[in-house]
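Okay, thanks for coming, everyone. I'd like to walk you through a structure you haven't seen before, so let's get it up on the screen.

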Amino acid sequence: QLQLVESGGGLVQPGGSLRLSCAASGLTLGYYAIGWFRQAPGKEREGVSCISSRSDRINYADSVKGRFTISRDNAKNTAYLQMNSLKPEDTAIYYCAARFRDCSLYTDGWHYWGQGTQVTVSS
């Protein structure tokens, strides 16, 4: 079956860094746009970043611009989110998603979702 699996989350101090990975199986990731989303307790899920299938279009939420970097390695069927200068406000469950369409930071319209990985930023 089609699966996306996130990894790389954990506990980090403010100002620290983490790199999240999104490994795909059952689909060729190179045909899909990839999005990263996050959801904090009691809040709606929000778009963080997305990257097109050929990496020619990349979008970031204003809250993470200059701190996060999205990338992908289609040969490895994996996408990444490098997170630097982390803030407590970044604490959330992070999800990756895929769709056979252009990038969008809206949560609707994404076909496949991972199970999420917890990121906690605290001193």
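Let's start with one residue, Ser21. Is Ser21 buried or exposed? Its relative accessible area is 15%, and the cut-off for buried is under 20%, so Ser21 counts as buried. Keep in mind that this is a predicted model.

Where does Ser21 sit? You'll find Ser21 in strand β3, which covers residues 18-25. And what does it touch? Leaving out neighbours within four places in sequence, Ser21 is in contact with Val5, Glu6, Ser7, Trp36, Thr78, Ala79 and Tyr80. Tyr80 is also the bridge partner of Ser21 in β8.

That brings us to the sheet. Four strands make an open sheet, in the order β1-β3-β8-β7, with antiparallel pairing. At the edges we have β1 and β7, each pairing on one side only. On average, neighbouring strands of this sheet are turned by 15° against each other, ignoring direction. As for the individual pairings, β3 and β8 are joined by six bridges, while β1 and β3 share five. In that second pairing, Leu4 has Ala24 in β3 as its bridge partner.

Stay with β1 for a second, residues 3-7, since its side chains alternate. Leu4 and Glu6 point to one face and are buried. Gln3, Val5 and Ser7 point to the other face and are not buried.

Now, the core. The largest nonpolar core has 28 residues. Which ones have the most contacts inside it? Those are Leu4, Trp36, Phe68, Leu81, Met83 and Tyr94. The strands β3, β4, β5, β7, β8, β9 and β11 each supply at least two residues of this core. There's also a second, separate core of six residues, and among them are Ala33, Phe37, Cys50 and Cys103.

Take Phe68 from the big list. Not counting residues up to four places away in sequence, Phe68 touches several residues, including Val48, Tyr60, Leu81, Met83 and Tyr94. But Phe68 also touches two charged ones, Arg38 and Asp90, and those two lead into my last topic.

Salt bridges, then. Side chains of opposite charge can pair when their charged atoms come close. How many salt bridges does a search of the whole structure find? Five. In one of them, the side chains of Arg38 and Asp90 meet at 2.9 Å, N to O. Arg38 is in strand β4 and Asp90 is in the loop between β8 and β9, so we're looking at a link between parts of the chain 52 residues apart. Both ends are buried: Arg38 has a relative accessible area of 5%, and Asp90 has 1%.

Asp90 has another partner too. It forms a salt bridge with Arg67, with the closest N and O atoms 2.8 Å apart. Arg67 lies in the loop between β6 and β7, 23 residues from Asp90 in the chain, and Arg67 is buried as well. Put Glu46 into the picture, and Arg38, Glu46, Arg67 and Asp90 are linked in a network of salt bridges.

For contrast, look at Arg57 and Asp102. Their closest N and O atoms are 3.7 Å apart in a salt bridge. Arg57 is in the loop between β5 and β6, and Asp102 is in the loop between β9 and β10, so this pair ties together parts 45 residues apart in sequence. Here, both residues are exposed.

That's my tour. Thanks, everyone!

Key:
Residues numbered from 1 in each chain as written. Predicted model: local features only at pLDDT ≥ 70, side-chain atom pairs only at ≥ 80, totals over all residues. Heavy atoms only, no water. Salt bridge = Lys/Arg side-chain N within 4 Å of Asp/Glu carboxyl O. Buried < 20%, exposed > 50% of the residue type's maximum accessible area, 1.4 Å probe, protein only. Contact = heavy atoms within 4.5 Å. Core = buried A, V, L, I, M, F, W, Y, C linked by side-chain atoms within 4.5 Å. Pairing = 2+ DSSP bridges. Axes fitted to C-alpha atoms, helices over the stretch in contact; angles between N-to-C directions.
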